[in-house]
Amino acid sequence: MIKRLVVSFISICVVMLIIAIGLDRWISWRTQDYIYDEVQELPYRQVGVVLGTAKYYRTGVINQYYLYRMQGAINAYNSGKVKYLLLSGDNALQSYNEPMTMRRDLMAAGIPSSDIVLDYAGFRTLDSIVRTRKVFDTNDFLIITQRFHCERALFIALHMGIQAQCFAVPSPKDILTVRVREIFARLGALNDLYLLKRQPRFLGPLIPIPAVHNIADDAQGYPAVTPEQLLTLQQTLAAEKKAAEKKTLTSDR
C-alpha cells in the first residue's frame, strides 16, 4: 500500500513537471517572433520600456542583469531605435527606488532627462506592461530585458492585446538558478492571466508620452542605505509584524 502511494506521488510529480516544462516551452515558442538579439535589427519604436531590477544584491555585489539592461537601453537609444525610455520598476520602499536608480545611471551615460520617463508602480512584469499601455498611452513599444524575461513580458502583452517587441540583452553566465525560477514565474503569470485575471496594482491618470517630468536633482535614489542596513531594516520590520500578530492572537483569546 505504501509503495503504491509512493509510486503514485512520484508519478503525479513527474506529470506536473512535464506540464510545467511544456508550458514554459509553449510561452517561448509563442513569443519567439517578437524578440531581437541585435540592436541593428530592432524596428524603430517611439518608446523603449526598461524592466527594472535591483542594482545591487543584498551582499552589496552589483547585479549583472541590471548592468546588461542599462547597456541595452543605452545602445537602443544611441542607435536611434527608440526616442524615449520608460523606466518601470519597484519603488515600494523609500530606500529602494529602481526607476530613479536607472534614471541616474542613464543620465550619467549621456541620455537627456527629457527623454526619460519614470514608472514607479512597475511592481511586477504584468504591472509594467499593462501600465505602459493604459497609463502612458503607448502601444507597439520595445521592451528591454533578458530573453527569458522578454518571453514572459511578451506573452502578457499578447494576451492583453498589446503590441510589443523585445530587445533581448545578454544574461550572466550563471543563469541556471534564475532560469529555473522563471518556470515558476511563468506558471504564476498564467495563473494571473487565465484564472485570477489580475490587473495592475495601481493605474491612475493618463500620462501620455512624451510628457514633462520635473524631478529634483537631490531626489532620493538607491542605495539611500547600504545593503546591510536594508537587510537589518527588513528583519526589524518582520520582527515587528510577528510581534503584532502575536499580540492580536493573545487579545483574541
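# Exercises on helix packing, sheet and cores

In this predicted model, helix α2 passes α3 in a right-handed crossing.

**Exercise 1.** Determine how α2 and α3 pack and which residues form their contact.

Solution. Two packed helices are described by the angle between their axes and the distance between the axes. Helix α2 covers residues 64-78. Its axis and that of α3 are 11 Å apart, and the packing angle is about 55°. Therefore α2 is oblique to α3, because an angle that is neither under 35 degrees, nor over 145, nor within 65 to 115 counts as oblique. On the α2 side, the contact is made by Y66, M70, A73 and I74. These meet T101, M102, D105 and L106 in α3.

**Exercise 2.** Classify Q64 as buried, partly exposed or exposed, and place Q64 relative to K173.

Solution. Q64 lies in helix α2. Its relative accessibility is 34%. Buried requires under 20% and exposed requires over 50%, so Q64 counts as partly exposed. In sequence, Q64 and K173 are 109 residues apart. In space, their C-alpha atoms are 9.7 Å apart.

**Exercise 3.** Give the strand order of the sheet, identify the edge strands, and say which helix packs on β2, β3 and β4.

Solution. The protein has 7 helices and 6 strands. Read from the N terminus, the elements run α-β-β-α-β-α-β-α-β-α-β-α-α. The open sheet has 6 strands in the order β1-β6-β5-β2-β3-β4, and the pairing is parallel. At the edges lie β1 (35-36) and β4 (116-119), each of which pairs on one side only. Helix α3 (residues 98-108) packs on the sheet and touches β2 (45-51), β3 (82-88) and β4. The direction of α3 makes about 165° with that of β4.

**Exercise 4.** Describe the pairing of β6 and the covering of its two faces.

Solution. Start with β5 (residues 141-146), which is joined to β6 (residues 164-169) by 6 bridges, the two strands running parallel. Within this pair, L142 stands opposite Q165, and F141 has A164 as its bridge partner. Next, 2 bridges join β1 to β6, again in parallel. Here I35 stands opposite C166. Now take the faces of β6. One side carries A164, C166 and A168, and the other carries Q165, F167 and V169. Residues on both sides are buried, so that both faces of β6 are covered. The count for the strand is 6 of 6 residues buried.

**Exercise 5.** Find the largest nonpolar core, name the element that gives its largest share, and list the contacts of I143.

Solution. The largest nonpolar core has 28 residues. The residues with the most contacts inside this core are V47, L86, I129, F141, I143 and I209. Two or more residues come from each of β2, β3, α4 (125-134), β5, α5 (147-159), β6 and α6 (176-196). The largest share, 6 residues, is that of α5. Leaving aside residues up to four places away in sequence, I143 touches V49, L51, I129, A153, L154, A164, Q165, C166 and F167. A second, separate core has 22 residues, including V39, Y66, V82 and M102.

**Exercise 6.** State what share of the protein is buried and what share of its contacts joins residues at least 24 apart.

Solution. The protein has 253 residues, of which 42% count as buried. For the contacts, take those between residues at least 6 apart in sequence. Of these, 76% join residues at least 24 apart.

Methods:
Residues are numbered from 1 along each chain as its sequence is written. This is a predicted model: local features need pLDDT of at least 70, side-chain atom pairs count only at pLDDT 80 or more; totals for chains, interfaces and linings use all residues. Side-chain values use heavy atoms; hydrogens and water are left out. Two strands pair if DSSP finds at least two bridges between them. Helices (H or I, at least four residues) and strands (E, at least two) are DSSP runs, numbered from the N terminus. Contact means heavy atoms within 4.5 Å. Axes are lines fitted to C-alpha atoms, for helices over the stretch in contact, and angles run from 0 to 180 degrees between N-to-C directions. A nonpolar core is a set of buried Ala, Val, Leu, Ile, Met, Phe, Trp, Tyr and Cys residues joined through side-chain atoms within 4.5 Å. Buried means under 20% relative accessible area, exposed over 50%, partly exposed in between (1.4 Å probe, protein chains only). A crossing is left-handed if the near helix is turned anticlockwise from the far one by less than a right angle, and right-handed if clockwise.
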